[in-house]
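Hi there,

Here is the structure I promised to pass on. Please have a look at it first, and then read my notes on two of its helix pairs below.

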Amino acid sequence: MRGPRAAAGIRPPRPVAAQQTGPAVTTSVHTAAPGSGERSLSLAEAFDRALSAAAALSVDVDLEPVLDGSPGTWRCILRRGGEDLRTGLGLGKGSRDEARTGAVFESLEHYLCGVEGLDPAEIRLVRGHELADGATARDIAVRLLGQGPDQPLGCLPYRSLTGGPDAYVPLFLSMPEYLRAAGARARREAGDAYDYGTVGRYSVNNGWAAGADPVEAAVHAINELIERDALSLLLIGQFLRDRPGRPAVVDPGTLPDDVAGLVAFAEARTGRRVHLIDMTSDLGVPAYTAYVPAPPGRPARICGWGASLSRRYAVTRAVSELVQLHSTMDLRGQYRHLLPEQRDDTGPYPRLHACYLSDFGTALRSAEVRAFQDTVAPDTPRGHLDRLLAVLHGHGLAVYQRDHYVTADLAVVNVFVPGLERFMLVTDGQVVVPGERGTAVLRRD
């Protein structure tokens, strides 16, 4: 990985009145303690670190609130020479300080996890059939390489966190930009001429996270992988099975006061009831969807998702993300030049299209209602990471990590867990099939 570029000045946030994209909405809902043991620094320290990291990368930080309050939503755009960086858009959610800090970290993560942060000299070419027979073949996309040409494709080295040998992991799995026009130079310099036509639809920025250090970043990355695996299994269980499973929802009357207040705020903002769907999988790590129904025939996209060893924090993250998505609905047009094109290819496949729409309305009428019961979570990022690794290893899942960019102020890592589902890509309109975990859900009685 290239070291940081020469430092440059950071433009501090302007006064709120000048920053706003619309009228200010001040909120005062008390939110749960940010991080729940997943962060190693105070929010003030983390914010200062993020600005220092941006300075080291010679980028300017344009930061402003979309929804100013607690909970709130902030957006950050990285610029250089007055130009928006193609992958430098980030959003933050949660309390005001959490949202502001999170927006800067996410913008740095998005910038560095694209081809801009990739050194072609680090790319190693490995033949597709060799990968399909190797240690990472539990991933559906890696296994599909065995049905494609036995040609070399670009990979990066990852280290094992669960005691096994290290592995080469295909770049396309976690870096969609590598397959686009922006990645053409990197592919050319690496000598990667592989035809990704059959597997490119499985490419997603999965398992990326930024943090104050690699341990903290790994915790966020693994929680994202578990969250997306849980969502995948929920979709499969509800819309692909001949006999759909019965979903579980949280009894709102049993929520802690601060979480109940956050839900009430989300319902007031959206004008809809918020359903907390418990999508915790066999892994046992609490995972939730904060669901708001969409108009008939429209995909349900004003939803939020969260996973954490702290059930309270998993629910809080899901509801905060719902608030974030609702408050940024109008930004897609404004920042269309920074966002990938979206299309729906699932129309010819009714069950996949049902997954794309994610309409849980009918299923929720007969849902199992569960009382909220919090979990005891570790109080440090290292404690979270150790327990998460133990959970995954205990279910026969290997964990690989690449420290993509690490300085004294910032760590951006990618974590890969072969076997965890990436079927949630169907909600982006991709025609994909379940992996082995999803297939097991399909076969249940």
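Helix α2 (residues 43–56) packs against helix α3 (residues 96–112) with their axes 9 Å apart and at an angle of about 30 degrees. Please keep in mind that this is a predicted model. Angles under 35 degrees count as roughly parallel, and α2 and α3 are therefore roughly parallel to each other. The crossing in which α2 passes α3 is left-handed.

If you would like to find this contact on screen, look on the α2 side for L43, A46, F47, A50, A53 and A54. Their partners in α3 are D97, E98, R100, T101, V104, F105 and L108. Sorted by class, the residues of this contact are 9 nonpolar, 1 polar and 3 charged.

The second pair is further along the chain: helix α7 (residues 214–240) and helix α13 (residues 381–394). Their axes come within 9 Å and cross at roughly 40 degrees, which makes α7 oblique to α13. Here, too, the crossing is left-handed, with α7 passing α13.

Which residues make this contact? From α7 come V215, E216, A218, V219, I222, N223 and I226, while α13 brings in P381, R382, H384, L385, L388, L389 and L392. The contact of α7 with α13 divides into 10 nonpolar, 2 polar and 2 charged residues.

Enjoy exploring, and do write back with any questions.

Best wishes

Definitions and conventions. Residues are numbered from 1 along each chain as its sequence is written. This is a predicted model: local features need pLDDT of at least 70, side-chain atom pairs count only at pLDDT 80 or more; totals for chains, interfaces and linings use all residues. Side-chain values use heavy atoms; hydrogens and water are left out. Axes are lines fitted to C-alpha atoms, for helices over the stretch in contact, and angles run from 0 to 180 degrees between N-to-C directions. Helices (H or I, at least four residues) and strands (E, at least two) are DSSP runs, numbered from the N terminus. Angles under 35 degrees count as roughly parallel, over 145 as roughly antiparallel, 65 to 115 as roughly perpendicular and the rest as oblique. A crossing is left-handed if the near helix is turned anticlockwise from the far one by less than a right angle, and right-handed if clockwise. Contact means heavy atoms within 4.5 Å. Ala, Val, Leu, Ile, Met, Phe, Trp, Tyr, Cys and Pro count as nonpolar, Asp, Glu, Lys and Arg as charged, and the others, Gly among them, as polar.
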